[in-house]
Amino acid sequence: MSDMGGGAVRQVVGELFEAVFRKVYYLLAAGLVAVTGAFGGLNKVPPAPAGGRPAAVGEVVDCGRWNIAVTTVKSFTTLGDLRLKKDGDRWLAVIVTITITADTSMNNLISMVRLPEVKGLTREEPERILLSRDGNDIQRLHPDMPERVAFVWEQAGTEPAPASVPVAVLCETHDDDPELGMPEYLADTDPTATVTTPVVVGDTK
């Protein structure tokens, strides 16, 4: 009878010890994370990759209703009549060729390309979308009329000029049964492909 009682006591003591140890462990772990973050340790974690399958420069990415090929990325200090928000910043222009394969014109250009790994951009979406041939703003492309288009971002001059950048190409998803009033096609948030492209320092343009 005494052996059974002693075993029960030892079991209770063991469970209490385990519970206290677990609590102390989590407190120490949380403290370590807080200290590491305070001294900048967590800031050294590299950003997540752009995602999507790797594609080559100039390779055509089939997005269903359009095709897109990233051809080059250029850096400019001046670009036509565009005005930088801050002196010392620079323009990054992603030049692509887009062909609309759908039967109708499309005006969703702003959602097609991103630079998710480039630091210091003033906004996630491009500042402007320009026709490469004349520098005019473009909002709509027409079927079977390939166009070279420049997606333009402003990058802070406090960030180093990139030697190369991963360009994320985003397509869209078709909703087979959209709710009333909702679009049939939805812009993707995850890239379909990523094209890593050298950055060419352009002349004043």
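The following exchange asks how the terms used for a disulfide and its neighbouring strands apply to this predicted model.

User: What should be known about the model and its numbering?

Analyst: This is a predicted model, in which local features need pLDDT of at least 70 and side-chain atom pairs count only at pLDDT 80 or more, while totals for chains, interfaces and linings use all residues. Residues are numbered from 1 along each chain as its sequence is written, and side-chain values use heavy atoms, with hydrogens and water left out.

User: Why are C63 and C171 called a disulfide?

Analyst: The term requires a pair of cysteine sulfur atoms within 2.5 Å, and the sulfur atoms of C63 and C171 are 1.9 Å apart, so the pair meets the definition. The structure holds one disulfide, and its angle of -55° about the S-S bond makes the link left-handed.

User: What does the link of C63 and C171 tie together?

Analyst: C63 lies in the loop between strand 2 (60–62) and strand 3 (66–76), and C171 in the loop between strand 8 (164–169) and strand 9 (172–174), so parts 108 residues apart in sequence are joined. Strands here are DSSP runs (E, at least two residues), numbered from the N terminus.

User: How is strand 8 described as mostly covered?

Analyst: Five of the six residues in strand 8 are buried, meaning under 20% relative accessible area with a 1.4 Å probe and protein chains only. C63 and C171 are buried too.

User: What makes strand 8 and strand 11 a pair?

Analyst: Pairing needs at least two DSSP bridges between two strands, and strand 8 and strand 11 (residues 193–201) have six, in the antiparallel sense. The bridge partner of A168 in strand 11 is T194.

Notes
Helix = DSSP H or I, 4+ residues; strand = E, 2+ residues; numbered from the N terminus. Buried < 20%, exposed > 50% of the residue type's maximum accessible area, 1.4 Å probe, protein only.
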